[in-house]
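Welcome! Take a moment to look over the sequence and the model, and then let us walk through a few of the features together.

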Amino acid sequence: MFAAPFFFAAFALVVFWRKRDIPVVKQYLDGVFRNLSDSTKAFLIILFTDVLCGFHSSHGWEVLMENVFRHLGLPENREAVFSFIAIVPVFMDV
């Protein structure tokens, strides 16, 4: 239960103390993305948007939210999950 907050606190400290290394990481990730073929980039973009905002998005969001609840040690609340699914993807799609 304390792993996620500890990770985010440690990540924030690393980002705060090592600001000069952020452009290096950004340049590396940019290079990785630019080296992909155009068809691979298009496939990844379509896959990402379809999973989060597409027709089949409700199951993907349900799995994501259940895993977040489980990871944080919270009881699974189906009403909260379905309320989240009914609101967030709609706002993202608009």
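Is Phe-8 buried or exposed? With a relative accessibility of 54%, Phe-8 counts as exposed, because the cut-off for that word is over 50% relative accessible area. Keep in mind as you look that this is a predicted model.

To find Phe-8, go to helix H1, which covers residues 3-17. Phe-8 has company at the surface: together with Phe-7, Phe-11, Val-15 and Ile-22, Phe-8 makes a nonpolar surface patch of about 500 Å². Helix H1 is the main contributor here, giving four residues to the patch, the most of any element.

From this nonpolar patch, let us turn to charged side chains. Side chains of opposite charge can pair when their charged atoms come close. In this model, the count of salt bridges comes to five, and we can visit some of them in turn.

Start with Glu-62 and Arg-78, whose side chains form a salt bridge with an N to O distance of 3.0 Å. Glu-62 belongs to helix H4 (residues 57-71) and Arg-78 to helix H5 (residues 78-93), so this pair ties together parts of the chain that lie 16 residues apart in sequence. The two partners sit in unlike surroundings: Glu-62 is buried, at a relative accessible area of 17%, while Arg-78 is partly exposed, at 39%. The word buried fits Glu-62 because its 17% falls under the 20% cut-off.

Arg-78 has another partner as well. Glu-66 makes a salt bridge with Arg-78, and here the closest N and O atoms are 2.4 Å apart. This pair, too, links distant parts of the chain, with Glu-66 in helix H4 and Arg-78 in helix H5, 12 residues apart. Glu-66 is buried, with a relative accessible area of 14%.

One more pair deserves a look. The side chains of Arg-70 and Glu-76 meet in a salt bridge at 3.3 Å, N to O. Arg-70 is partly exposed at 49% relative accessibility, and Glu-76 is partly exposed too, with a relative accessible area of 43%.

Which residues are joined into one network by salt bridges that share partners? They are Glu-62, Glu-66 and Arg-78. When you go back to the model, try finding Arg-78 at residues 78-93 in helix H5, and then trace its salt bridges to Glu-62 and to Glu-66.

Definitions and conventions
Residues numbered from 1 in each chain as written. Predicted model: local features only at pLDDT ≥ 70, side-chain atom pairs only at ≥ 80, totals over all residues. Heavy atoms only, no water. Patch = residues over 30% accessible without salt bridge, like charges linked within 9 Å, V, L, I, M, F, W, Y side chains within 5 Å. Areas by Shrake-Rupley, 256 points an atom, 1.4 Å probe, with all protein chains shown as cover. Salt bridge = Lys/Arg side-chain N within 4 Å of Asp/Glu carboxyl O. Helix = DSSP H or I, 4+ residues; strand = E, 2+ residues; numbered from the N terminus. Buried < 20%, exposed > 50% of the residue type's maximum accessible area, 1.4 Å probe, protein only.
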